[in-house]
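New to this one? Have a look at the structure below, and then let's walk through a few of its parts together.

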Amino acid sequence: MIDRRRGLAAALALAAAFTLGGPASAQTKLKWAHVYEPSEPFHTASVWAAGEIAKRTNGRYQIDVYPSSQLGKESDINQGLTLGTVDMIISGSSFAGKAYPPIGVTYYPYTFRDAGHLLAYAKSDVFKDLAKGYEDKTGNHIVAVTYYGVRQSTSNKPFKTCAEMKGLKIRVPDAPAYLAMPKACGANITPIAFAEVYLALQNGTVDAQENPLTTIEAKKFYEVQKNIVLTGHIVDHLNTIISGSLWKKLSPEDQKIFTEVTQEAAAKATAEVAQREKELLDIFKQKGLTVVEVDTDDFRNTVMKNITFESFGYRKADWDRIQAIKSNM
């Protein structure tokens, strides 16, 4: 009888241990996805952030970071926030703009003067208003903003003016925001998934593409392009976004930890991108590419003349507020 009681007590204790949960059973596993290469600061900073969140929450969250479109192209991972296939992503406001168009106004060409202007915007009331509009529409919460770089063009056919782009087959991301400059200049626009751009350039499906210098390096587009054309048409950024379902489950304390850590990671990546961007033109010249300077006023004026804010669902009032922000660099 005593042995039976001891056995019952041991079984109850074991059941209680499983019910109450040790550190392993209390751990929440999360998926963080993006489309960038493992070598890029966006990935290395995200991996750091995942480890730091685990540390600051005493191991309650295990975050696995999936680079290189492993969980889908950019439109897929944005949808994944709602579908529950991902918990966190890094993605541009251009894709957030598919759900809430006004937030894409930052992709209207020549909106930002430089990186300092962009980073000042990320702390401004207009950003808070646009981020809130996006959250109200989707439920998803933007926690951090990272400088992605100034978008330049690469092409096998050099061009110096907007008019010389007429008929040029250029790849742009599959989001309306990127269409404005090439559309205004009469280019033949071809949306292609990020992971497929190198092959499309290599086999001649397209003649040109546009991205920041750091991405041109990471994706090795310089291997299949002859010219870097300094159109500088978008000063770009990436948002770190947490799904609405996850954000609502986090305690106020954990929300604070996720926000602080992702913003520290964004600052790390921003500094790395800005530094590397300064070095790359010389590196590309050494690799044999031709760097082409252009009259950006020609491009800017053509866009302003031919592409309205409203045609993309943007509000000019938001753009005017952004123009009034003073740079912090």
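What follows is a short tour of some strands, helices, pockets and single residues.

Keep in mind that this is a predicted model. A good place to start is strand β4, residues 141-155, where 15 of the 15 residues are buried. β4 comes back several times below: it pairs with β8, it pairs with β7, and it helps to line the largest pocket.

**Strand β4 and its partners**

- β4 and strand β8 (residues 227-242) run antiparallel and are joined by 12 bridges.
- To find one spot along that pairing, look for T154, whose bridge partner in β8 is I228.
- β4 also pairs with strand β7 (residues 208-212), again in the antiparallel sense, through five bridges.
- On that side, Q152 sits opposite N211 of β7.
- As background, side chains in a regular strand alternate between the two faces of the sheet.

**Where α6 meets α13**

- Helix α6 (residues 125-138) and helix α13 (residues 316-323) have axes that come within 9 Å and cross at roughly 145°.
- α6 brings D125, V126, D129 and L130 to this contact, while α13 brings D318, R321 and I322.
- Sorted by class, the contact has three nonpolar residues, four charged ones and no polar ones.

**The largest pocket**

- The volume of the largest pocket is about 380 Å³.
- It has 17 lining residues, and the closest to its centre are A122, K123, A144, V145 and Q263.
- Helix α6, strand β4 and helix α11 (252-286) each give at least two residues to this lining.
- The lining of the largest pocket divides into 10 nonpolar, five polar and two charged residues.

**The second largest pocket**

- The second largest pocket holds about 320 Å³ of space.
- Among its 18 lining residues, R113, V150, Q152, G232 and V235 are the closest to the centre.
- Two or more lining residues come from each of β4, β8, α11 and α12 (296-306).
- Which element gives the largest share of this lining? That is β8, with four residues.
- By class, there are nine nonpolar, five polar and four charged residues around the second largest pocket.
- You've met Q152 already: it stands opposite N211 in β7, and it is one of the residues closest to the centre of this pocket.

**The cavity**

- How many cavities of 30 Å³ or more are there? The count comes to one.
- The largest cavity has a volume of about 70 Å³.
- There are 13 residues in its lining, with F42, S46, I90, T146 and T240 the closest to its centre.
- α2 (41-56), β8 and α11 are the elements that supply two or more residues each to the lining of this cavity.
- No charged residue is found in the lining of the largest cavity, which has nine nonpolar and four polar residues.

**Helix α3 and S75**

- Helix α3 covers residues 74-83, and its buried residues are E74, S75, I77, N78, G80 and L81.
- Handy to know here: residues three or four places apart in an α-helix point the same way, because there are 3.6 residues a turn.
- The cover over the buried residues of α3 includes β1 (28-33), β3 (88-91), α4 (93-99), α6 and β8.
- Just after α3 comes G84, which has a positive phi, near 90°.
- Is S75 buried or exposed? S75 has a relative accessibility of 15%, so it counts as buried, the cut-off being under 20%.
- Setting aside neighbours within four places in sequence, S75 is in contact with F95 and K98.

**R171 in strand β5**

- R171 belongs to strand β5 (residues 169-172).
- With a relative accessible area of 3%, R171 is buried.
- Not counting residues up to four places away in sequence, R171 touches T190, I192, A193, F194, V197, V206, A208, Q209, E210 and N211.
- N211 links back to the first topic, where N211 of β7 stands opposite Q152.
- For a sense of distance, R171 and I77 are 94 residues apart in sequence and 20 Å apart in space, C-alpha to C-alpha.

Methods
Residues numbered from 1 in each chain as written. Predicted model: local features only at pLDDT ≥ 70, side-chain atom pairs only at ≥ 80, totals over all residues. Heavy atoms only, no water. Buried < 20%, exposed > 50% of the residue type's maximum accessible area, 1.4 Å probe, protein only. Pairing = 2+ DSSP bridges. Axes fitted to C-alpha atoms, helices over the stretch in contact; angles between N-to-C directions. Contact = heavy atoms within 4.5 Å. Nonpolar A, V, L, I, M, F, W, Y, C, P; charged D, E, K, R; others polar. 1 Å grid on protein atoms, 1.4 Å probe; cavity = no way out; pocket = protein on both sides within 12 Å on 5 of 7 lines; lining within 4 Å. Points joined across faces, edges and corners; volume = space filled by probe spheres on them.
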